[in-house]
Structure formats: structure tokens, C-alpha cells
Amino acid sequence: MSEVRNVIILGSGPAGLTAALYTSRADLKPLVIAGITWGGQLMLTTDVENYPGFPEGIQGPDLMANFRKQAERFGAEIINENVTKVDFKSTPFKVWVGEKEYLAKSIIVSTGAETNWLGLPSEQKLIGRGVSSCAPCDAFFFRGKKVIVVGGGDSAMEEAGVLSKFATEVTIVHRRDEFRASKIMADRAKENPKISFKLNSEVIDVLGEQKVEGVRLKDTKSGEESEISIDGMFVAIGHSPLTKIFKGELDLDQKGYVKRLPEKDSSTGMYTYKTMTSLNGIFVAGDVHDYHYQQAVTAAGYGCQAALEVERWLEENH
Ligand code: NAP
């Protein structure tokens, strides 16, 4: 019979590793199943200039290496493996890595989300060299430049607004002529003199060898193709949460994000565990439930919340 751990943390982005730091300092001896490619989305970025505490900025992979080192310093056990199966129907909760089974009294789900990309080889080649998915992270590099934002949702409108503070021209390229974005966000973009729209258009190629120099567009109604010169392309077509293995175990929303179903104290009406999922003892932190902010610093904050709640929950329930 395997040892029953106090807590297993699934995922190793800012949420998971912050949870690991706090739970290890609480002497809970957490096991982090980090993923074969550990570290989350920041491992794919270069300069991170908006993570507080690094006035000169820091490279994404260096920041995550620091997160990891700090959690390991207090005894977090971190394995670079992918979780292949879970069984949360009975306690102790069961988690498998291939054939190996791990048992735990509590779980923190922090598997994160991944950016949806257009899927063009030219786009993938130029990520970090003019292609980005995060205006708050990268807008600064486009001061005085021309950029496009792909998408028609709230994210696209918001990214365009952020970019308009730096770029000279921002064009929102959207595949339809109606927006998925809320009216208020779309109106704000329409009223911004630096933002223009290219509707019924999709990007079919990103041009440039070493850096983005332009895009080839296709009119979705007429099929006509055209090219425009730009310095940057921001892709804002949504994210996908990494929750496939939790289907049938945890309540997920329509888009697959983990639902938080915090427990309410009947006497005070206050929520006791804000990071609790649909199952007692399973907590959630970071982009896997938060589609709204999706920032490293907010994910780290959620990781801290979940860890503090796990500590209290274990005291009260075990
Ligand atoms: P979203 O609402 O799902 O919108 C995605 C957009 O990308 C849609 O316009 C969609 O086009 C387009 N798209 C999807 N796949 C595409 C593809 N392969 N090629 C071209 N275009 C594609 O995603 P989101 O904008 O990231 O927003 C996610 C959630 O966060 C929403 O609930 C949103 O309200 C929220 N959010 C809120 C704020 C805020 O309130 N400040 C800011 C950001 C996000 P179609 O419309 O044609 O499907």
C-alpha cells in the first residue's frame, strides 16, 4: 500500500509551485506532479517585465526555476512526470503516473491552461519574435510599431487597448463581422482612434524569416487574399484549460474550466473554503479555473490561497 500524502499538487506553473512553497513551509511535505514539461506557460516566454519584485525584468524560465528552487528548499518533492489518471470518487484520492499510484488526503489542481494558437507553421516559428499572446507582457516592445490583434472576444478588445498605448496602429483582425466581445469592450475599442478593424478576415500566413514583417489575410466571404506590413501579431483567440483527465471527476464549466464550489458556513453565511472544487478535499488554483485574469501573479496568489485552505482543511478534517 502506498503512503498517503497530505497533499498532492498537480501542475507546476506559478499556482502549483506557490502552493508547493506554502504547503512545504507548513510541513505538509507536498508531492508536486509537475508534468514532463514543467513550469507552465512562462517557460515559453522570454522577458517577463510585469512580475513584481524584478525591476529589471526576468526571463520566464529563470523565474520558474526560482519558484521551483524556493519550494524545494522547504522540502517540496517535485517529479517531472505527467499525471495519466485520477480517481477522486473515494478517499484517499488516487493519482496515477503510468502504473504508479499515489494516494493523498487532499489535492490541489493547478494544471493551468494553454493558449490557443492559429496553428500556422509560420506563426509557431515566430513566437517571441513578433508573435505573442500576451499584450500586458509584450506591448512595451512595440512602441512606435504597427501590430494586429487576432480575435473578436473580450481578450482581443482588451489586448488592442493595451497595445494602443505603445503602438502607432493597432488593427483587430476578426473572422466574422460580429464580435463575441461584450458591447462595452467592443465600443471602447471602436472609440479608440488608434484601433481599426479588418473584419471577415483570417490570417493565413505570417511573413518574415527572423521577425514578423507582415501577414497574408484571406477574406472569409470573397476568398480574396491580401498582405499587410506589420511588426507584431497578438493572438487572442482564447485559452484551453488542461482538464481532460478531470472529466467525470470534477464539475467543469462549458469550456472545461474547473468550477469552484466554495463551501458556505450555514451559521455565518460566509464561504469557508474559497478554492474548493465540487469535491470536498480537492482544491483548485490558477488558470485552470481562472479564465479572467490569467496572469502569473494572480495564479501565484491563487496557489497561496489554495495552500492556506488545504492546511486549515487538513487540520479540521484529519
Ligand atoms: P472568447 O470569448 O472565446 O473569444 C475568442 C475569439 O477568438 C472569438 O471572437 C472567436 O471567433 C475567435 N477565434 C477562435 N478561434 C479562432 C481561430 N482559430 N481563428 C480566428 N479566430 C478565432 O475568448 P476570450 O476573448 O479570450 O475571452 C475568454 C473569456 O474571458 C470570456 O468569458 C471573456 O468575457 C473573458 N474576458 C473578460 C475580459 C474583461 O472583462 N475585461 C477580458 C478578457 C477576457 P468567433 O467569434 O467567430 O467564434
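**Exercise 1.** Which residue in strand 16 does R216 stand opposite?

*Solution.* Start with the ground rules: this is a predicted model, where local features need pLDDT of at least 70, side-chain atom pairs count only at pLDDT 80 or more, and totals for chains, interfaces and linings use all residues. Residues are numbered from 1 along each chain as its sequence is written, and side-chain values use heavy atoms, with hydrogens and water left out.

Next, find the strands (DSSP runs of E, at least two residues, numbered from the N terminus). Strand 15 covers residues 214–219 and pairs with strand 16 in the antiparallel sense over five bridges; pairing requires at least two DSSP bridges. Across from R216 you will find E227.

**Exercise 2.** Work out why one side of strand 14 and of strand 16 is left without a neighbour in the sheet.

*Solution.* First write down the order, 14-15-16, in an open, antiparallel sheet of three strands. Strand 14 (201–207) and strand 16 (225–229) are at the edges and have a single partner strand each, so one side of each stays free of a neighbour in the sheet.

**Exercise 3.** Locate the ligand and list polar contacts to it (N or O pairs within 3.5 Å).

*Solution.* Begin with the domains, whose bounds come from an automatic or database assignment. Domain 1 (4–114 + 239–317) and domain 2 (117–235) both contribute residues to the shell, so the ligand lies between them. Then look at ligand oxygen atoms: one is 2.7 Å from a side-chain N or O atom of R176, and one is 2.6 Å from a polar side-chain atom of R180. For G153, a polar backbone atom is 3.4 Å from a ligand oxygen.

Technical notes. Helix = DSSP H or I, 4+ residues; strand = E, 2+ residues; numbered from the N terminus. Polar contact = N/O pair within 3.5 Å; in protein donor to acceptor, adjacent residues only side chain to side chain.
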